[in-house]
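Me: Could you walk me through reading a structure like this one? I would like to take it feature by feature, with the general idea before each case.

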Amino acid sequence: DLWRRDTNELGKILLCRAENKLESTTRLVQELNQAKAFPANKLGYQDYKGMVELREAVSRYANRHICKSARMEPEDLMVSAGCGVVLENCFFCFCDYGDACLVPAPYYGQFGRDLGMRAGVEIVKVHPSSASADRFGKLSVEDLQAAYTPKCKVLLLTNPHNPLGIVHSKADLIAVLRWAQSLDLHVISDEIYACSVYKNKDDFVSLADLVSELELPDEHWVQTHCHTVFGFSKDFGASGLRIGALHSKNSAIVHAWNALGYSCAISSSCQWDFAAVLGKDEFVADFLAENARCLAQASEKLTSALQQAGIPFVGEPSAGLFLFIDLRGLLEDNSFDAERKLWSRLVSRGVVLNPGQSCGMKTPGYFRLCFAWMSGKFGRPS
């Protein structure tokens, strides 16, 4: 029962789904429809890490658009059916059932599924020591140390941040990385929005670049414990294609993917077609630039409307498809029960948001608002 301007004005407006359906993403369909002929030798089983043509194309793409100094080589890439299953496979590799992962809060609400549903890994929420909104999403060694227990085997970062729409500073990332090394933790950087930075693009630093630039004392730890996840669901508005990637120089993970990748392989036809699209350097560069422009305009339109309505939001969003709004002033009391009641009232009036409790918040009243889900100029529904 979705809202449509001309046919269903009483339908629901989904501001809870982080999909990019802005006008800029329609060009991808045109390119896919022009994909080169599918070869007969791709009908059979392929490498479960992803066919070589796709991994080479993903490598070229990442080295042009995600990394500034590091190189992601095809042999260090694994490509599977979406970033969710890529993360899950990582936790199968790094953890035993019942182990834990440090995740700074607020965080993407489906991490509980990705980590816990089959891998059985518990999320240990890392909350800021201060309840002030300007501390949300800021990485702090002190906060990580306060949350850490010996059960924790992994630190999961999200950069750009979901749901805040911010980019972590290089200084904070360096401090956290050194701390993680001191405890021999695996570090996963979820960079699924790496190419959806629409303001101050140079502020974003991939983990792959960070570890290549730092002179950390244990090079073996860098090679075996630092892993970058990225994909094409968000930056290309192509969540239905189910293409997620892992970059890791840990040879044991690469070998494990030969088995893990069996149940989450991408169809050969999809791999072939998308490899062809990624091989068009000029198209990809123009596509990403236009998408960033549309995201910036949609974000500006939304933030201006929120400011006019007196609705606060957290930080200064510069990336992703969302921001985190503060509706504490509308709660009946300071409780998550009141947050759920407010969420239900909004749904009954046709507006669906993500409640902060689902993002690991300990303070009720915050909601994730996605601004790119509806097509139309500058994100307006059409």
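Reply: Happily! Let's start with a single side chain: Glu122 has a relative accessible area of 38%, which makes it partly exposed. Keep in mind throughout that this is a predicted model.

Me: How do I turn such a percentage into a word, and where does Lys151 fall: buried, partly exposed or exposed?

Reply: The general idea is a pair of cut-offs: under 20% is buried, over 50% is exposed, and partly exposed lies in between. Lys151 comes out at 41%, so Lys151 is partly exposed as well.

Me: Which interaction do the side chains of Lys151 and Glu122 make?

Reply: They meet in a salt bridge, with 2.9 Å from N to O. Next, ask which parts of the chain are being linked. Lys151 sits in the loop between helix H5 (141-147) and strand S5 (152-158), while Glu122 belongs to strand S4; the two are 29 residues apart, and the pair links distant parts of the chain. Salt bridges can also share partners: Glu332, Asp337, Arg340, Lys341 and Arg345 are joined into one network in that way.

Me: How many salt bridges does a search of the whole structure find?

Reply: The search returns 18. One of them pairs Glu53 with Lys42, whose closest N and O atoms are 2.9 Å apart. Glu53 is in helix H2 (residues 52-65) and Lys42 in the loop between helix H1 (26-32) and H2, so this bridge ties together parts eleven residues apart in sequence. The surroundings of the two ends are worth a look too. Lys42 is buried, at 9% relative accessible area, whereas Glu53, at 27%, is partly exposed.

Me: What about Glu88 and Arg118, and how far is it from N to O in their salt bridge?

Reply: That one is 2.6 Å. It links distant parts of the chain, 30 residues apart: Glu88 lies in helix H3 (residues 83-94) and Arg118 in the loop between helix H4 (111-116) and strand S4 (122-126). Applying the cut-offs again, Glu88 is buried at 4%, and Arg118 is exposed at 51%.

Me: Let's move to sheets. In what order do the seven strands of the open sheet run?

Reply: A general point first: strands of a sheet pair through backbone hydrogen bonds, in either a parallel or an antiparallel sense. Here the order is S2-S8-S7-S6-S5-S3-S4, with mixed pairing. Now look at the ends of that list. Strand S2 (77-80) and S4 are the edge strands with a single partner each, so one side of each has no neighbour in the sheet. From one strand to the next, the twist averages 25 degrees.

Me: How many bridges join S5 to strand S6?

Reply: Five, and S5 and S6 (residues 186-190) run parallel. To pick out one pair by eye, find Leu155, whose bridge partner in S6 is Val187. Then add the helix: H2 packs on the sheet, touching S2, strand S7 (226-231) and strand S8 (244-248), and its direction makes about 110 degrees with that of S2.

Me: What is the order of the three strands in the other open sheet?

Reply: The order is S9-S12-S11, and the pairing is antiparallel. Strand S9 (322-326) and strand S11 (354-355) stand at its edges with a single partner strand each, so one side of each lacks a neighbour. S11 pairs with strand S12 (residues 366-370) over two bridges, and Pro355 stands opposite Phe367 in S12. Helix H12 (residues 336-348) packs on this sheet, touching S11 and S12, at about 35 degrees to the direction of S12.

Me: Now for the pockets: which residues lie nearest the centre of the largest pocket?

Reply: For a pocket, take the space, then the lining, then the elements supplying it. The largest pocket holds about 660 Å³ of space. Its lining has 31 residues, with Tyr108, Gln110, Arg113, Asp114 and Lys234 nearest the centre. H3 gives the largest share, five residues.

Me: And to finish with one residue's contacts, where is Tyr48?

Reply: Tyr48 is in the loop between H1 and H2. Setting aside neighbours within four places in sequence, Tyr48 contacts Val79, Trp257, Asn258, Gly261, Tyr262 and Ala265.

Note on methods: Residues numbered from 1 in each chain as written. Predicted model: local features only at pLDDT ≥ 70, side-chain atom pairs only at ≥ 80, totals over all residues. Heavy atoms only, no water. Salt bridge = Lys/Arg side-chain N within 4 Å of Asp/Glu carboxyl O. Helix = DSSP H or I, 4+ residues; strand = E, 2+ residues; numbered from the N terminus. Buried < 20%, exposed > 50% of the residue type's maximum accessible area, 1.4 Å probe, protein only. Pairing = 2+ DSSP bridges. Axes fitted to C-alpha atoms, helices over the stretch in contact; angles between N-to-C directions. Contact = heavy atoms within 4.5 Å. 1 Å grid on protein atoms, 1.4 Å probe; cavity = no way out; pocket = protein on both sides within 12 Å on 5 of 7 lines; lining within 4 Å. Points joined across faces, edges and corners; volume = space filled by probe spheres on them.
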